[in-house]
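This briefing is meant to be read with the sequence and the model side by side. It goes through a surface patch, the nonpolar cores, the salt bridges, one helix residue and the confidence of the prediction.

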Amino acid sequence: MSVNAKLLHHHCHTFHRRPSFLQSRNLRLKDPIVAAAYSRQNCSHFSGLRLSTFLSHLGSGGLCRLPLISKCAPDNSSPESFKHEIESPKIEEEVPLVTILKGANSFLPQVVLASTILALLYPPSFSWFTNRYYAPALGFLMFAVGVNSSEKDFLEAFRRPAAISAGYIGQFVVKPLLGYLFGTISITILGLPTPLAVGIMLTSCVSGAQLSNYATFLTDPEMAPLSIVMTSLSTATAVFVTPFLSLLLIGTKLPVDVKGMVSNILQIVVTPIATGLLLNRFFPKICSAIRPFLPPLSVFVTALCVGAPLAINVQSVMSPSGISVLLLVIAFHLSAFIAGYSLTGLVFRDQPDVKPLQRTLSYETGMQSSLLGLALANKFFQDPLVSIPPAISTVIMSLMGFSLVMLWARRKESAV
């Protein structure tokens with residue numbers, strides 16, 4: 001018998017008071033193998049917290065908890081003598097399916113990148129997902145947020161008017177200024193055609209993107225209601241603000257469909273979230289049943305929302321001016337993300353939740369409804385070059401946003 005086994009066997013023998021314990025049952029264990037089996041069986045009864053606490057007094061000495069438990073029986077005992085003994089607990093437990101489903105969100109950045117590459121290499125894989133499917137898809141993402149939220153969360157969000165105002169300023173003041181800056185750079189420094197500069201400015205004038213709400217939900221779930229309130233407010237007022245900004249920056253007044261905007265808000269934001277909240281309030285068992293399946297479905301829907309605009313507008317993206325516009329759009333969104341994060345840190349530096357608020361306003365400032373800009377470009381501008389920047393923006397703002405999701409989620413995990 002090894003030294004470790006002898007030591008443990010001695011303590012197990014003392015701990016169980018084996019002589020009186022066996023005599024009380026009139027057991028005669030003369031056979032040493034049978035006695036060893038019985039000793040091991042009794043040791044297993046104390047293999048939980050009590051035995052582990054007891055073993056902690058044995059000192060380190062190269063002894064670890066699990067090997068000690070397995071050494072309660074003598075080394076020279078036969079395997080056949082333990083056929084009917086109680087099995088020791090399993091060291092490794094299988095990961096349940098529910099845990100795997102809930103962890104699907106961690107693969108979102110990789111899925112978004114894969115969908116982008118697939119859309120470029122084989123556009124028909126996503127081109128079937130036309131604009132008529134986009135509103136229901138975003139509505140599903142908002143439903144997933146609603147199921148994981150409560151009405152109290154939204155009431156708390158409305159109690160933060162300063163944060164809501166900051167998100168609005170980032171969307172309709174900071175971003176249009178950046179759009180005008182990069183639009184001017186495209187003409188004066190890069191010598192690009194004026195319609196491309198118009199497309200960049202037009203992209204900066206539209207409302208916030210619903211994907212920013214989902215990105216916030218993945219990074220800081222407690223901030224998702226605040227993000228939804230910000231996006232809803234910018235979308236509701238875009239019917240007046242976007243035409244004004246387009247006239248101010250571009251010199252062209254764009255009539256926006258007020259009825260269509262209101263219908264868009266109801267379909268994509270209000271109705272799905274309200275449905276999720278009501279379901280969570282009155283039918284919690286149903287929510288518990290469907291909640292594990294929402295993350296993988298949300299990842300799949302997000303991949304479609306990213307790959308489809310790129311596949312449909314791949315010719316514009318791959319045009320001769322596409323690379324220059326791509327770099328400008330990347331610089332535009334990167335500046336917007338940084339501005340939203342840094343300015344929030346300055347204004348709300350005394351808030352206890354300044355970091356989550358910075359991430360939330362960074363998403364709100366860096367991501368906007370580029371599809372609305374693309375629709376306005378196709379409808380009110382005859383030059384097809386105007387539609388290239390918003391078409392590229394639909395992909396870039398999603399890729400950059402969900403890359404930040406991956407980055408900030410890892411930082412939060414490492415900080416815990």
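## Surface and interior of the predicted model

In this predicted model, L113, I117, L118, L120, L121, Y122 and M318 together make a nonpolar surface patch of about 740 Å². Inside the protein, the largest nonpolar core has 70 residues. The mean pLDDT of the protein is 75, and 71% of its residues reach 70 or more, so the notes on confidence at the end should be read along with the structural points, because predicted coordinates should not be read in detail where pLDDT is low.

**Nonpolar surface patch**

- One member of the patch, L121, is found in helix α7, which covers residues 108-121.
- L121 counts as exposed because its relative accessible area is 69%, and the cut-off for that class is over 50%.
- In soluble globular proteins, nonpolar side chains tend to be buried together.

**Nonpolar cores**

- Within the largest nonpolar core, of 70 residues, those with the most contacts inside it are L211, Y214, L226, Y363 and F402.
- Helix α22 (residues 388-415) supplies the largest share of this core, namely 11 residues.
- A second, separate core of 16 residues includes F172, A238, V241 and A377.
- L211, when its neighbours within four places in sequence are left aside, is in contact with Y134, L138, L141, T302, M367, M397, S398 and F402.

**Salt bridges**

- The count of salt bridges comes to four, and three of the pairs are described here, including that of E151 with R281, whose closest N and O atoms are 2.5 Å apart.
- This pair links distant parts of the chain, since E151 lies in helix α10 (residues 151-158) and R281 in helix α15 (residues 258-282), 130 residues apart.
- E151 counts as partly exposed because its relative accessibility is 30%, which falls between the cut-offs of 20% and 50%.
- R159 forms a salt bridge with E156, with the closest N and O atoms 2.8 Å apart; R159 is exposed, with a relative accessible area of 58%, whereas E156 is partly exposed at 43%.
- The side chains of R160 and D353 also meet in a salt bridge, at 2.7 Å from N to O, and this pair links distant parts of the chain, 193 residues apart.
- R160 is partly exposed, with a relative accessible area of 22%.

**L233 in helix α14**

- L233 has its place in helix α14 (residues 224-249) and is partly exposed, with a relative accessible area of 35%.
- Not counting residues up to four places away in sequence, L233 touches I164 and Y168.
- L233 and S165 are 68 residues apart in sequence, while their C-alpha atoms are 9.8 Å apart in space.

**Confidence of the prediction**

- Among the elements of the protein, helix α20 (residues 354-366) has the highest mean pLDDT, 94, and helix α5 (residues 65-70) has the lowest, 39.
- Over residues 11-77 pLDDT stays under 50, and for this stretch the model has 69 contacts beyond four places in sequence.
- Over residues 81-95 pLDDT likewise stays under 50, and here the model has 13 contacts beyond four places in sequence.
- Where pLDDT is low, the predicted coordinates should not be read in detail.

Definitions and conventions: Residues are numbered from 1 along each chain as its sequence is written. This is a predicted model: local features need pLDDT of at least 70, side-chain atom pairs count only at pLDDT 80 or more; totals for chains, interfaces and linings use all residues. Side-chain values use heavy atoms; hydrogens and water are left out. Patches are made of residues with over 30% relative accessible area and no salt bridge: like charges are joined within 9 Å, nonpolar side chains (Val, Leu, Ile, Met, Phe, Trp, Tyr) within 5 Å. Accessible areas come from the Shrake-Rupley method with a 1.4 Å probe; for residues, only the protein chains shown count as cover. Helices (H or I, at least four residues) and strands (E, at least two) are DSSP runs, numbered from the N terminus. Buried means under 20% relative accessible area, exposed over 50%, partly exposed in between (1.4 Å probe, protein chains only). A nonpolar core is a set of buried Ala, Val, Leu, Ile, Met, Phe, Trp, Tyr and Cys residues joined through side-chain atoms within 4.5 Å. Contact means heavy atoms within 4.5 Å. pLDDT is the predictor's confidence in each residue, from 0 to 100.
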